[in-house]
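Visitor: Could you take me through one part of this model up close? I'd like to hear about a pair of packed helices, and then whatever else is worth a look.

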Amino acid sequence: MTVAFVMAQGHQQRIGHLLGIEGRPAWKQLLKISDQETILARTCRMFLEAGVDTVVAVIHWHHELVNACMDQVLPFVVQRDPGPSVLDGIYNMRHLWGSKTIIALGDVVYSRGTVKRMVDDTFLSIYERSGHNTATGRKVPERYGVTFNRGHHQDLLRVLADSGFRRHQDSNLLDLKSRLLSTSIFPSLREVSDYTDDIDDEEGYFKFLPLLREAAAKDV
């Protein structure tokens, strides 16, 4: 079974001051990517359309996120202790990992092409952009997700079992990549060169989100 986890339990420190006001949702994953759909809803729909068996949203216990999942009839998990980083969330879901598992970030606007690559991937792979985004002009490199199969479970568990590593406040997919490489576990690095990108901060909301909306509207 292929399961995709959409991680929407982040603390959004860099953008939280813009949310929950002026009609905006309290969570960046619920920002509208079109008139009809939020970032979270679109991501879940696209992975289902690409052929995964189950999409599970990993969310905060907050009525906006819970209602969004219920409206979409989407399985969701609220962690008892979500921890300070996305790596905690990945580790906490270990009992639900499938024969093929996809970790997708809930604030990322994915292209159909990147979603298909992730769904078709059978390796331990990290999806990232090493240069600038050609659609938005954003220059900061980013990581967008991880894929792995049952044969990689033990390697990942050995790395993530280190609570001092995974529970560090700033631990993210870049740190996971570095730790895997340092322990001679060599993931495939998948370069993402399309419009796929996340919304992290004020610049992302005001400058990049409108451009991502335009790109997503054309990606049908």
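Guide: Here is the helix pair, followed by the cysteines, one strand residue and two loop residues. A quick word on ground rules: this is a predicted model, so local features need pLDDT of at least 70 and side-chain atom pairs count only at pLDDT 80 or more, while totals for chains, interfaces and linings use all residues. Residues are numbered from 1 along each chain as its sequence is written, and side-chain values use heavy atoms, with hydrogens and water left out.

The pair is α1 (residues 39-49) and α4 (residues 112-120), packed at about 55° with axes 9 Å apart. Helices here are DSSP runs of H or I, at least four residues, and strands are E runs of at least two, numbered from the N terminus. Axes are lines fitted to C-alpha atoms, for helices over the stretch in contact, with angles from 0 to 180 degrees between N-to-C directions. That makes α1 and α4 oblique (under 35 degrees is roughly parallel, over 145 roughly antiparallel, 65 to 115 roughly perpendicular, and the rest oblique). Their crossing is right-handed, meaning that the near helix is turned clockwise from the far one by less than a right angle.

On the α1 side, R45, M46, F47 and E49 meet R112, V115, M118 and V119 of α4; contact means heavy atoms within 4.5 Å. By class, five of these residues are nonpolar, none polar and three charged (Ala, Val, Leu, Ile, Met, Phe, Trp, Tyr, Cys and Pro are nonpolar, Asp, Glu, Lys and Arg charged, the others, Gly among them, polar).

Now the cysteines. The whole structure has zero disulfides, a disulfide being a pair of cysteine sulfur atoms within 2.5 Å. The sulfur of C69 has its closest cysteine partner in C44, 6.7 Å away and too far for a bond. C44 is buried at 0% relative accessible area, and C69 is buried at 1%. Buried is under 20%, exposed over 50% and partly exposed in between, with a 1.4 Å probe and protein chains only.

Over in strand β1 (residues 2-8) sits M7, buried at 5%. M7 and A104 are 97 residues apart in sequence, yet 6.2 Å apart C-alpha to C-alpha. Beyond four places in sequence, M7 touches several residues, including V58, V86, I90 and L105.

Last, two backbone oddities. Most residues other than glycine have a negative phi. V73 has a phi near 50°; it lies in the loop between α2 and β3 and is exposed at 73%. S184 has a phi of about 65°, in the loop between α7 and β8, and is exposed at 55%.
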